[in-house]
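Me: Please take a close look at one part of this protein, starting from its surface. I am a first-year student, so explain each term once and then show how the part fits into the rest.

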Amino acid sequence: TSMLNSMGQEMKTFQYFMISTIVSIALIYILPQYCGVEAIIYAMGISQILTCVLNLRKLNKLLHFSIPILKPILYQSGIVCIVTICAKLINSLCLYLFPTVITIILVGMVCAISYIMLAICFGQLDVEYIKKSLIKKKTA
């Protein structure tokens with residue numbers, strides 16, 4: 001938003017803000033019947049993502065070149081959603097079996113491992129680059 005404002009696009013950023021606000025209000029009205037109080041968090045997240053996407057599209061059009069950022073953002077968002085759903089399921093199961101501290105440690109470890117594995121599977125994390133970086137640090 002700040003970059004667009006400095007480029008004389010204040011009206012466009014205001015329009016994007018209004019669109020995002022309308023979407024947020026609509027979601028806050030609709031979602032509570034499905035997910036309760038968490039609807040506010042979801043609505044805010046979705047409206048911020050919408051504003052970000054609209055601003056990035058406008059910035060790409062103004063600068064006349066394409067920044068390949070939308071695809072990685074969508075991949076990362078999908079990975080985070082999958083890991084979050086898994087974490088909630090594992091947390092629900094583990095709370096019945098283990099104390100809270102062990103559950104937190106276990107869920108954290110599973111989330112970290114699943115995030116890394118999904119990032120590798122979707123090509124968001126390059127294993128060879130990491131190996132080369134680790135080898136350089138050991139020899140330095």
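Reply: The part to look at is a nonpolar patch on the surface, formed by Val80, Val101, Ile105, Met109, Ile113, Tyr115, Ile116, Met117, Ile120 and Val127. Together these residues have about 860 Å² of accessible area. Accessible areas come from the Shrake-Rupley method with a 1.4 Å probe, and for residues only the protein chains shown count as cover. A patch takes residues with over 30% relative accessible area and no salt bridge; nonpolar side chains (Val, Leu, Ile, Met, Phe, Trp, Tyr) are joined within 5 Å, and like charges within 9 Å.

The model is predicted: local features need pLDDT of at least 70 and side-chain atom pairs count only at pLDDT 80 or more, whereas totals for chains, interfaces and linings use all residues. Residues are numbered from 1 along each chain as its sequence is written, and side-chain values use heavy atoms, with hydrogens and water left out.

The largest share of the patch, 8 residues, comes from α6. Helices here are DSSP runs of H or I with at least four residues, strands are runs of E with at least two, and both are numbered from the N terminus. Ile120 is one of the patch residues and lies in helix α6. Ile120 counts as partly exposed because its relative accessibility is 34%. The cut-offs are under 20% relative accessible area for buried and over 50% for exposed, with partly exposed in between (1.4 Å probe, protein chains only).

Helix α6 also takes part in the interior. The largest nonpolar core has 7 residues: Ile79, Val83, Ala87, Val107, Cys111, Leu118 and Ala119. Two elements, α5 (70–97) and α6 (100–121), give two or more residues each to this core. The largest share, 4 residues, comes from α6. A nonpolar core means a set of buried Ala, Val, Leu, Ile, Met, Phe, Trp, Tyr and Cys residues joined through side-chain atoms within 4.5 Å. In soluble globular proteins, nonpolar side chains tend to be buried together.

Ile79 links this core to the patch. Leaving out residues up to four places away in sequence, Ile79 touches Tyr115, Leu118, Ala119, Phe122 and Gln124. Contact means heavy atoms within 4.5 Å. Among these partners, Leu118 and Ala119 belong to the core, and Tyr115 belongs to the patch.

Next come the charged pairs. The structure holds 2 salt bridges. A salt bridge needs a side-chain nitrogen of Lys or Arg within 4 Å of a carboxyl oxygen of Asp or Glu. One joins Glu38 and Lys88, with the closest N and O atoms 3.9 Å apart. Glu38 lies in helix α4 (residues 38–63) and Lys88 in helix α5, so the pair ties together parts that are 50 residues apart in sequence. Both ends are partly exposed, Glu38 at 36% relative accessibility and Lys88 at 47%. The other joins Lys131 and Glu128, with a closest N to O distance of 3.8 Å. Lys131 and Glu128 both lie in helix α7 (residues 127–139), 3 residues apart, or about one turn of the helix. Side chains of opposite charge can pair when their charged atoms come close.

Elsewhere, the loop between α1 (2–6) and α2 (10–30) holds Gln9. Gln9 counts as buried because its relative accessible area is 18%. Beyond four places in sequence, Gln9 touches Leu4, Lys58 and Leu62. The C-alpha atoms of Gln9 and Ala87 are separated by 41 Å, with their positions 78 residues apart along the chain. Met7 is found in the loop between α1 and α2 as well, and Met7 is partly exposed at 35% relative accessibility. Apart from neighbours within four places, Met7 is in contact with Leu59, Leu62 and Leu63. The C-alpha atoms of Met7 and Leu59 lie 9.4 Å apart, although the two residues are 52 apart along the chain.

Finally, the whole chain. Its secondary structure comes to 7 helices and 0 strands. The C-alpha trace spans about 55 × 50 × 20 Å along its principal axes. The radius of gyration is 20 Å, whereas a compact globule of 140 residues would have one near 14 Å. That radius is taken over C-alpha atoms, and the globule rule is 2.2 Å times the number of residues to the power 0.38. Of the 140 residues, 19% count as buried. The chain exposes about 10500 Å², and carbon and sulfur atoms supply 74% of it.
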